[in-house]
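Please walk through the structure shown below, starting with its salt bridges and ending with the chain as a whole.

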Amino acid sequence: MDETPWRTLDYVAAVPTLLPDALLPHLAVGAHILELGCGRGAVCRFLAERGMLVTGIDVNDAAIAAARTSASPKCEAMTFTAADILREPAVLHRQTFDGIVMIRFLTCFPYADDRRRLLITARRALKPNGILYVRDFLLSHGYQARYEDAVRLGMPYGNFPVFEAGGTLRFVAHHHSESEAMAILDGCEPMSFRIEESLSMNGNPCTMFELIGCPTTLLD
C-alpha cells in the first residue's frame, strides 16, 4: 500500500470543524475519549473544555504539532500522538476508552478492508458500554459523474480522486452508501442516526451522516 497522502497534506476544509454536540448527553464528566483523525485538535479541545479526558491521534505530524501548540491552559487533560492508526494500532497500548470519535475520518480510506480494520481497532478499544460516534460523507447527487468516472478507472463505487490544480493526484476519498453507513452499527445498539446537508472540503454541496451507537459485540 502506498504511503498515505494525509501524512503531509495541509488543508483547511470549507467547514473547518464539525462539533459532536449530539455526543455530549451520552458522556459523563471525566470520560476518556479517543478521537481518530483529530487534525489540529479542535474537537479534542471542545470535549476537554467540557470536562473530558481526551486522546487525539492523527497521521499528520504538522497537524499534531499545531494541536499541541494551540492547547488551552484549561485543556490540560489532552494527549496528542502522531501515528498511523491503520498500520500502528499498537499505539493505543491496550488502552480502552469511554467514547471513540471519528469525524470525516473514514472518508480518507478508499478501500473497504481498511475501513473495516479501523472499525475493528476502534471497537476493541472501547470499554463495555462505550460510545462510538461517526460523522462522515454519504453518496451525494452532485458527485455522481465523479463516482462513475472512478469506477471506469477500476475504483469501488463511491470513491473519487481529488487532483491538484496542475493535475497531480492529491488523494482518493470515499463517500458511503446508506447501507455502508448503517453497517457501521452492526453489532451495536443504535442510539442515533441522522442525515444532514453540508459542504465538502472544497465547499461543494454534499450529504453527511452522523451516527451514535453502543457496541454489543466485537467485529471479526
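This predicted model holds twelve salt bridges. Three of them are described here one by one, together with the elements they join.

One of the twelve pairs Lys127 with Asp98, with 3.6 Å between the closest N and O atoms. Lys127 belongs to strand β5 (residues 126-138) and Asp98 to strand β4 (residues 97-103), so this salt bridge ties together parts that lie 29 residues apart in sequence. Both partners keep some access to the surface: Lys127 is partly exposed, at a relative accessible area of 31%, and Asp98 is also partly exposed, at 25%.

Another salt bridge joins Arg115 and Glu180, whose closest N and O atoms are 3.6 Å apart. Here the link runs between helices, with Arg115 in helix α3 (residues 112-124) and Glu180 in helix α5 (residues 178-183), distant parts of the chain separated by 65 residues. How far is each partner covered? Arg115 has a relative accessible area of 9% and is therefore buried, since the cut-off for buried is under 20%. Glu180, at 28%, counts as partly exposed.

The third pair is Glu196 with Arg135, and its closest N and O atoms are 2.8 Å apart. Glu196 sits in strand β8 (residues 188-199) and Arg135 in strand β5, so the bridge connects parts 61 residues apart in sequence. Both side chains belong to buried residues: the relative accessible area is 13% for Glu196 and 8% for Arg135. This pair is also part of a wider arrangement, a network of salt bridges that links Arg135, Arg194, Glu196 and Glu210.

The elements named above can now be placed in the whole chain. The protein chain has five helices and nine strands, and in sequence order they follow the pattern β-α-β-α-β-β-α-β-α-β-β-α-β-β. Of the contacts between residues at least 6 apart in sequence, 66% join residues at least 24 apart.

What radius of gyration would a compact globule of 220 residues have? It would be near 17 Å, and the protein chain has 17 Å, which agrees. Along its principal axes the C-alpha trace spans about 50 × 40 × 30 Å. Of the 220 residues, 50% count as buried. The area that the protein chain exposes is about 10700 Å², and carbon and sulfur atoms supply 53% of that area.

Charge completes the description. The protein chain carries 20 positive and 26 negative charges, and the mean positions of these two sets are 3 Å apart.

Definitions and conventions
Residues numbered from 1 in each chain as written. Predicted model: local features only at pLDDT ≥ 70, side-chain atom pairs only at ≥ 80, totals over all residues. Heavy atoms only, no water. Helix = DSSP H or I, 4+ residues; strand = E, 2+ residues; numbered from the N terminus. Rg over C-alpha atoms; globule rule 2.2 N^0.38 Å. Buried < 20%, exposed > 50% of the residue type's maximum accessible area, 1.4 Å probe, protein only. Contact = heavy atoms within 4.5 Å. Areas by Shrake-Rupley, 256 points an atom, 1.4 Å probe, with all protein chains shown as cover. Lys, Arg positive; Asp, Glu negative; His and termini not counted. Charge placed at Lys NZ, Arg CZ, Asp CG, Glu CD. Salt bridge = Lys/Arg side-chain N within 4 Å of Asp/Glu carboxyl O.
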